[in-house]
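Colleague: I am new to this structure and would like a close look at one loop residue. Please begin there, then lead me on to the helix beside that loop and to other places worth comparing.

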Amino acid sequence: MIRDVGKACRGVPFPCMVPPKRVFDMNYKSVKGTKDLLPQDTAAWLHVESVIREVMELYRYGEIRTPVFEDTAVFARGIGEETDIVGKEMYTFLDKGGSSLTLRPEMTAPVIRAFIQHSMGEQGVLNKLYYIGPMFRQERPQAGRFRQFHQFGFECIGQQSPTCDAEIIMMAAEIYRRLGIQFTLKINSVGDPVCRPKYREALQEFLGGVHDQLSPESQRRAETNPMRVLDSKNENDRKLTADAPVILDYLTEECRSHFDQTLALLDGLGVAYEVDPRLVRGLDYYTMTAFEFVSTDLGSQDALGGGGRYDGLVDQLGGKATPAVGFAAGIERLLMVLEKNEYAFPTRGPLVYLVGMHDESRAWTFQQAVRLRSIGISVEMDYAGRSVKAQMREANRLQSRYVLIVGEEEMATSQAQVKDMREGTQESIAFEQLADYFSSRRQSQALEEQH
Ligand code: HAM
């Protein structure tokens, strides 16, 4: 732990370059709101990521990876100065050259920045991109809310067709279906710059009538971002705004028709949804469709993921006006639901565990392990000089499918004992046959797993 940082920096212009007085108690911990993922955790992550990538492959989305930090303006302009994310939650810092940089709190703005920078719009009528990676928001940590968290998401850039909106929703639904996650899909249309001013006026007039009774946060929002008042978590605010006008009554013909067509496509696919006229998302770029996947298996942070259409963002970030729609979801929250559901993550031990019974056979197992691994066989062995019994116990614990045992006799005859741990059978295999033997066992295991 480093103490006295604050004191040393008092009166020094930001960013403070005074080296902190270091008082270490050698008890370093990961920063509040961040988590280490250990091998027993990453197995679940890798599985979830493989499901996401499989679905992306089916829908023909290509992966995009952008830097974890961007010029602050990308987010300030993209997400909106008045949003909680930009106003309160960003990790923003000046680098040594004096540039204001921000750790990405989300990926839509960076993806659009990259889309413009690389003239991706010229490469086809549609750009279908997905991402998986860490995001950063300085929120109060709680269950399901972290300061470094991970999102997967996808953006479909180039068309205003409701098919794109429905497809994005279906991709999210497909990932949740494959993982057995139940959800409620809430959907709304937040209109466009044509319908919104009229609605904003009507809403502000309504809010003016209850202004004094609203929470201080909603009073402020009533001026700056009135639609977010409908999104307030404060019970009293919700009661006061129960009869507030809703955007759906103010949609232009075009927005209404886009919304109806999107819903009709979802109906055609048998997807259940709830039209929630109060759904406003916490980012300013949305136009028309806005939606959220919520789970009753999560606590107060019940949003599995959310997204919508953002037809003005490319233009706003300096590109040629291009319609787009997308979605992003938190991976930690998804894993929380899987854990609650006691989801059976596929576990796979090594194909074979090599047991050496004496010094010479132990040396041989190491040579053999390297050889087998080089032809794609996953192998584990003992590195601690443990007894045969302890090695067998370890092979069991690791759920190794086969155990290969060599001792003095086996070394003398160049024959290993191979035990099939599932069938309980044992056979003698010549050393020169081992590579073929395990290659064919690996193929049968891969076939079994496919079925
Ligand atoms: P968002 O609603 O801000 O949307 O975030 C999407 C999801 O990220 C949330 O529903 C939640 O699951 C997860 N999430 C957000 N903040 C945290 C946190 N502090 N800790 C853990 N999980 C969190 C966006 O980010 C938009 N870019 C979505 C989008 C893509 N819209 C169009 N395209």
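**A loop residue and its surroundings**

Modeller: With a relative accessibility of 56%, Arg 60 counts as exposed; that word means over 50% relative accessible area, buried means under 20%, and partly exposed lies in between, using a 1.4 Å probe and protein chains only. Before we go on, this is a predicted model, in which local features need pLDDT of at least 70 and side-chain atom pairs count only at pLDDT 80 or more, while totals for chains, interfaces and linings use all residues. Residues are numbered from 1 along each chain as its sequence is written, and side-chain values use heavy atoms, with hydrogens and water left out.

You will find Arg 60 in the loop between α2 (39-58) and β1 (62-63). These labels are DSSP runs numbered from the N terminus: helices are H or I with at least four residues, and strands are E with at least two. The backbone of Arg 60 has a phi near 60°, a positive value in a residue other than glycine. Most residues other than glycine have a negative phi.

Ser 119 makes a good companion to look at, since its phi is near 45° and is also positive in a residue other than glycine. Ser 119 sits in the loop between α5 and β5. At 33% relative accessibility, Ser 119 counts as partly exposed.

Now back to α2, the helix before the loop of Arg 60. α2 packs on helix α12 (residues 331-340) at an angle of about 105°, with their axes 11 Å apart. An axis here is a line fitted to C-alpha atoms, for helices over the stretch in contact, and angles run from 0 to 180 degrees between N-to-C directions. The pair α2 and α12 is therefore roughly perpendicular, a label for 65 to 115 degrees; under 35 is roughly parallel, over 145 roughly antiparallel, and the rest oblique. On the α2 side, the contact (heavy atoms within 4.5 Å) is made by Ala 44, Trp 45 and Val 48, while α12 brings Ile 331, Glu 332, Leu 334, Leu 335 and Leu 338. By class, the contact of α2 with α12 has seven nonpolar, no polar and one charged residues. In this scheme Ala, Val, Leu, Ile, Met, Phe, Trp, Tyr, Cys and Pro are nonpolar, Asp, Glu, Lys and Arg are charged, and the others, Gly among them, are polar.

Two other helix pairs are worth a visit. The axes of helix α13 (residues 359-374) and helix α16 (residues 434-450) come within 11 Å and cross at roughly 50°, so α13 and α16 are oblique to each other. Trp 364, Gln 368 and Leu 372 in α13 meet Leu 434, Ala 435 and Phe 438 in α16. Those residues divide into five nonpolar, one polar and no charged. An α-helix has 3.6 residues a turn, so residues three or four places apart point the same way.

The second pair is helix α7 (residues 196-210) with helix α8 (residues 216-224), which pack at an angle of about 145° with their axes 10 Å apart. Arg 200, Gln 204 and Leu 207 of α7 touch Ala 222, Glu 223 and Thr 224 of α8. Here the classes come out as two nonpolar, two polar and two charged residues.

For a contrast with exposed Arg 60, turn to helix α3 (residues 72-79). Six of its eight residues are buried, so α3 is largely enclosed by the rest of the structure. The buried ones are Thr 72, Val 74, Phe 75, Ala 76, Gly 78 and Ile 79. Their cover includes β2 (69-71), α4 (84-89), β3 (92-94), β4 (100-103), α5 (108-117) and α11 (313-316). Just after α3, Gly 80 takes a positive phi of about 110°.

One more loop residue rounds off the tour. Pro 141 lies in the loop between β5 (127-136) and β6 (148-157), and at 24% relative accessibility Pro 141 counts as partly exposed. Leaving aside its neighbours within four places in sequence, Pro 141 is in contact with Lys 32, Gly 33 and Arg 147. Pro 141 and Tyr 199 are 58 residues apart in sequence and 35 Å apart in space, C-alpha to C-alpha.
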